[in-house]
Amino acid sequence: MLGSARYALARSSALKQRAFGRFYAAQKSCLSSLVFVETKGSGFDEGALNAITAARKISGPVVAVVAGSEADAAAKAIAKIEGVDKVVVAKDAAYDHALPETTAALLKALQEKEGATHIFAPHTAAGKNIMPRLAALLDSQQISD
């Protein structure tokens, strides 16, 4: 009796795992990531490389967002990084200091336009300021570190 109960439990668990595997595989093709790249003058913060690597692990296309008045040079460098499928440039002085109010609004608009399921930012002071505000705008929970 106990053996058949264990068998039924193991079979039930295996069926659930297979069903979840199929669900996850179907959803995986719909995933996409948006990565905020913090600019420093005409370059970018190296923390963006870690964020891009994390986004690549999610699967799906990776869209890098480079914002600031000198964003062109940083965007060219980011475009050369393996795993970045698209670079969006927001060339405006309003984004020069990566203020959370303006940058979070930009990322929210891009998330809606690109249909991104995940948004990443480097582990910097700017990233730590922007992401909570963005999470509030998207009515979503932020996951840090």
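This is a short talk about the fold, the sheet and the buried cores of one protein chain.

Before anything else, I should say that this is a predicted model, in which local features need pLDDT of at least 70 and side-chain atom pairs count only at pLDDT 80 or more, whereas totals for chains, interfaces and linings use all residues. Residues are numbered from 1 along each chain as its sequence is written, and side-chain values use heavy atoms, with hydrogens and water left out.

Let me start with the overall layout. The chain holds 5 helices and 6 strands, where helices (H or I, at least four residues) and strands (E, at least two) are DSSP runs numbered from the N terminus. Going along the sequence, these elements follow the pattern α-β-β-β-α-β-α-β-α-β-α. Of the 145 residues in the chain, 35% are buried; here buried stands for under 20% relative accessible area, exposed for over 50%, and partly exposed for what lies in between, with a 1.4 Å probe and protein chains only. The accessible surface comes to about 8,800 Å², and carbon and sulfur atoms account for 55% of that surface, the areas being taken from the Shrake-Rupley method with a 1.4 Å probe, and for residues only the protein chains shown count as cover. If we take contacts between residues at least 6 apart in sequence, 67% of them join residues at least 24 apart, a contact being heavy atoms within 4.5 Å.

Now to the sheet. Four strands form an open sheet with parallel pairing, in the order β5-β4-β1-β6, and two strands are said to pair if DSSP finds at least two bridges between them. Because β5 and β6, the latter at 118-120, stand at the edges with a single partner strand each, one side of each is left without a neighbour in the sheet. Neighbouring strands here are turned by 20° against each other on average, direction ignored; the axes behind such angles are lines fitted to C-alpha atoms, for helices over the stretch in contact, and angles run from 0 to 180 degrees between N-to-C directions.

Strand β4, residues 62-67, deserves a slower look. It runs parallel to β1, to which 5 bridges join it, and L34 has V63 of β4 as its bridge partner. On the β5 side, β4 pairs in the parallel sense with residues 86-90, again over 5 bridges, and here A64 is partnered by V87 while V66 is partnered by V89. How many of the residues of β4 are buried? The count is 6 of 6, with V62, A64 and V66 pointing one way and V63, V65 and A67 the other. In general, side chains in a regular strand alternate between the two faces of the sheet.

Turning to the helices, β4, α3 (residues 71-79) and β5 make a right-handed β-α-β unit, right-handed in the sense that, with the strands pointing away from the viewer, the path from the first strand over the helix to the second runs clockwise. Helix α2, residues 47-58, lies across β1, β4 and β6, and runs at about 180° to β1.

What, then, fills the interior? The largest nonpolar core has 19 residues, and L34, V65, L106, L107, L110, I130 and L134 are those with the most contacts inside it; such a core is a set of buried Ala, Val, Leu, Ile, Met, Phe, Trp, Tyr and Cys residues joined through side-chain atoms within 4.5 Å. At least two residues of this core come from each of β1, β4, β5, α4 (100-114) and α5 (125-137). Leaving aside residues up to four places away in sequence, L107 touches L34, F36, V65, I130 and L134. A second, separate core has 17 residues, A48, I52, I78 and F120 among them.

One polar residue is worth adding: Q111, in helix α4, counts as buried because its relative accessible area is 18%, and with the same sequence limit of four places, Q111 touches L34, A116, I119 and L138.

I will finish with two backbone details. A98, in the loop between β5 and α4, has a positive phi of about 50° although it is not a glycine, and at 11% relative accessibility A98 counts as buried. D139, in the segment after α5, also has a positive phi, near 55°, but at 73% relative accessibility D139 counts as exposed.
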